[in-house]
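Work through the exercises below with the sequence and the model at hand. Each task is followed by a solution in steps.

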Amino acid sequence: MKKIFLPFILIACCFIFVSCTQKNIANYTLGGLGTVGQTNTYKNGIYTGQGIPWEYGNEEALVVIEDGMIKSVVLRKLDINGNETDYNKWVGEGGRPNLRQFRFDLANSIVDKQTFDVPNIASAAISCQNWKLAVKNALEQAK
């Protein structure tokens with residue numbers, strides 16, 4: 001009887017751990033700032049923000065503000081040592097998400113909508129949430 005329940009308990013613990021990690025990043029990402037909109041809300045300049053470090057490193061955003069609006073966003077994925085990831089290893093092969101393309105797609109969406117509060121890319125949900133948090137943190141500096 002114990003042999004039957006042990007695998008189920010281990011699987012349940014894994015699901016709980018993964019869901020808690022994603023919820024914690026989501027709570028930090030969207031709480032408190034809202035959307036930028038089309039008004040001149042921010043000071044012109046270049047601002048850098050970071051997400052929450054996690055087991056694969058961290059995400060970083062460089063946000064350029066011109067005329068009070070988001071002009072451009074550069075998203076970077078850093079490894080656990082703080083070095084930028086080799087995106088050639090993240091092209092969507094072997095079960096990995098295509099971070100090489102996703103970071104451009106997400107950055108373009110943020111600029112187009114003038115907000116960090118854009119939809120995630122499904123196969124890279126944690127990285128997207130963390131990139132959005134990094135953009136939010138950069139925008140906080142531009143207030």
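**Exercise 1. Two residues with positive phi**

Task: Find where Asp67 lies, and state whether Asp67 is buried or exposed.

Solution. Step 1: Asp67 sits in the loop between E2 and E3; helices (H or I, at least four residues) and strands (E, at least two) are DSSP runs, numbered from the N terminus. Step 2: its phi is positive, about 55 degrees, although Asp67 is not a glycine. Step 3: the relative accessible area of Asp67 is 59%, so the residue is exposed. The classes are buried under 20% relative accessible area, exposed over 50% and partly exposed in between, with a 1.4 Å probe and protein chains only.

The model is predicted: local features need pLDDT of at least 70, side-chain atom pairs count only at pLDDT 80 or more, and totals for chains, interfaces and linings use all residues. Residues are numbered from 1 along each chain as its sequence is written, and side-chain values use heavy atoms, with hydrogens and water left out.

Task: Do the same for Gln114: in which loop is it found, and is it buried or exposed?

Solution. Step 1: Gln114 belongs to the loop between H2 and H3, and it follows H2. Step 2: phi of Gln114 is near 60 degrees, a positive value in a residue other than glycine. Step 3: with 4% relative accessibility, Gln114 counts as buried.

**Exercise 2. Order of elements**

Task: How many helices and strands does the protein chain have, and in what order do they run?

Solution. Step 1: the protein chain has three helices and three strands. Step 2: read from the N terminus, the order is α-β-β-β-α-α. Step 3: of the 143 residues in the chain, 38% count as buried.

**Exercise 3. Salt bridges**

Task: Which side chain meets that of Lys77 in a salt bridge?

Solution. Step 1: the partner is Glu59, at 2.9 Å from N to O. A salt bridge is a side-chain nitrogen of Lys or Arg within 4 Å of a carboxyl oxygen of Asp or Glu. Step 2: Lys77 lies in strand E3 (residues 69-78) and Glu59 in strand E2 (residues 58-66), so the pair ties together parts that are 18 residues apart in sequence. Step 3: both Lys77 and Glu59 are buried.

Task: Which residues are joined with Arg76 into one network of salt bridges?

Solution. Step 1: the side chains of Glu60 and Arg76 form a salt bridge of 3.0 Å, N to O. This pair links distant parts of the chain, with Glu60 in strand E2 and Arg76 in strand E3, 16 residues apart. Step 2: Arg76 also meets Glu84 in a salt bridge, at 3.8 Å, N to O. Through shared partners, Glu60, Arg76 and Glu84 therefore make one network. Step 3: compare the accessibility of the members. Glu60 is buried, at 14% relative accessible area; Arg76 is partly exposed, at 26%; Glu84 is partly exposed, at 38%.

Task: Leaving aside neighbours within four places in sequence, what is Arg76 in contact with?

Solution. The contacts of Arg76 are Asn58, Glu59, Glu60, Glu84, Tyr87 and Trp131. Contact means heavy atoms within 4.5 Å.

**Exercise 4. The buried side of H2**

Task: Which residues of H2 are buried, and what covers them?

Solution. Step 1: check the helix. H2 (residues 99-113) has 15 residues, which should span 21 Å at 1.5 Å a residue, and its end C-alpha atoms are 21 Å apart, in agreement. The expected span is 1.5 Å times one less than the number of residues. Step 2: the buried residues are Leu99, Phe102, Arg103, Leu106, Ala107, Ser109 and Ile110. Step 3: they cover an arc of only 160 degrees around the axis, which puts them on the same side of H2; the arc is that of the directions from the helix axis to the C-beta atoms. An α-helix has 3.6 residues a turn, so residues three or four places apart point the same way. Step 4: the cover of these buried residues includes E3 and H3.

Task: How many residues of H3 are buried?

Solution. H3 is mostly covered, with 13 of its 17 residues buried. Helix H3 spans residues 125-141 and reaches 25 Å from its first C-alpha to its last, close to the 24 Å expected.
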